[in-house]
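Reader: Please take a close look at the interior of this model, one part after another. Keep to what can be read from the atoms.

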Amino acid sequence: MNSDQEALEKSALERLDSMSTVPKFQGPIGRVIGWVDTCFLALAVTALVAIALTVLLQISSRLFLPFSISWTEELSRYLFIYMVALSAGVVLRQNRNISVELFHHLLGPRLKAAFQVLICLLTGVFAFLVLPYAWKYAQNGTWQTSPTLGIPMLYIFFSTVVTFALLLVYSLLGCLEGIIAMCRSSASLQES
């Protein structure tokens, strides 16, 4: 029953997102990538739960204490930034980003793979070009601290480096998956 339910969920997701039909890596490499995805998603979910707890603490302090805790708003902002940074690569790999799908469902498997390669290539080139500037931006935080928490801003500004580094890595994975899918599609066309 569990495998039937998983198959139904996968089928429903494929109908919602036509680009999810491009096959992902399988075998040991796919499992390692899956573990890395799970790790980043777990960190992002942890940040989301921490945001919820921080906001609850802020609301509770305003309602029940004679003073409000000043650092909660700043902490929730930083947690949100890292939640987005840690999940950006996985979102790209799973095609869960916001997109306008006007023609994707009309494409065949090979063209869907080619389209994935194009999108991942553009994203990867952009991330590669921006990454050195993100590092320079992060270094600006070495002599600054956050106003209420006193955290060196290097740690907060470093989220831009994390974001673009993950986008670069995951766009390379997406390009490889798309190229492999295109080659397999052309090989299967030649066989038939």
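Author: Helices here are DSSP runs of H or I with at least four residues, strands are runs of E with at least two, and both are numbered from the N terminus. By that rule, Ala 134 is found in helix H4. The model is predicted, so local features need pLDDT of at least 70 and side-chain atom pairs pLDDT 80 or more, while totals for chains, interfaces and linings use all residues. Residues are numbered from 1 along each chain as its sequence is written, and side-chain values use heavy atoms, without hydrogens and water.

The protein chain has five helices and zero strands, in the order α-α-α-α-α. Of its 192 residues, 34% are buried (under 20% relative accessible area with a 1.4 Å probe, protein chains only; exposed is over 50%, partly exposed in between). Contact means heavy atoms within 4.5 Å. Among contacts between residues at least 6 apart in sequence, 75% join residues at least 24 apart.

Ala 134 is buried, at 4% relative accessible area. Beyond residues up to four places away in sequence, Ala 134 touches Thr 160, Val 161 and Phe 164. Phe 157 is 23 residues from Ala 134 in sequence, and their C-alpha atoms are 8.2 Å apart.

Helix H5 spans residues 153-191 and includes Gly 178. Gly 178 is buried, with a relative accessible area of 0%. Leaving aside neighbours within four places in sequence, the contacts of Gly 178 are Val 22, Ala 113, Gln 116 and Val 117. Ala 114 is 64 residues from Gly 178 along the chain, yet the two C-alpha atoms are 6.2 Å apart.

Next, the nonpolar core (buried Ala, Val, Leu, Ile, Met, Phe, Trp, Tyr and Cys residues joined through side-chain atoms within 4.5 Å). The largest core has 28 residues, and Phe 40, Leu 167 and Tyr 170 have the most contacts inside it. Helix H2 (27-64), H3, H4 and H5 each give two or more residues to this core. H5 supplies the largest share, 11 residues. Leu 167 is in contact with Ala 88, Gly 89, Leu 92, Thr 123 and Ala 127, apart from neighbours within four places in sequence.

There is also enclosed space (a cavity is a set of points on a 1 Å grid over the protein atoms alone where a 1.4 Å probe fits but cannot get out, and lining residues have an atom within 4 Å of a point). Grid points are joined across faces, edges and corners, and volume is the space filled by probe spheres set on the points. The structure holds one cavity of 30 Å³ or more; the largest has a volume of about 50 Å³. Its lining consists of Lys 24, Leu 92, Arg 93, Asn 95, Gln 116, Cys 120, Tyr 170, Leu 173, Gly 174 and Glu 177. Helix H3 (71-93), helix H4 (109-139) and H5 each give two or more residues to this lining, with H5 giving the most, four. The lining residues divide into four nonpolar, three polar and three charged (Ala, Val, Leu, Ile, Met, Phe, Trp, Tyr, Cys and Pro count as nonpolar, Asp, Glu, Lys and Arg as charged, the others, including Gly, as polar).

Last, the cysteines. The structure holds zero disulfides (pairs of cysteine sulfur atoms within 2.5 Å). The sulfur of Cys 175 has its closest cysteine sulfur in Cys 120, at 5.2 Å, which is too far for a bond. Cys 175 is buried at 10% relative accessibility, whereas Cys 183 is partly exposed at 47%.

Key
On a 1 Å grid over the protein atoms alone, a cavity is a set of points where a 1.4 Å probe fits but cannot get out, and a pocket is an open set with protein on both sides within 12 Å along at least five of seven lines; lining residues have an atom within 4 Å of a point.
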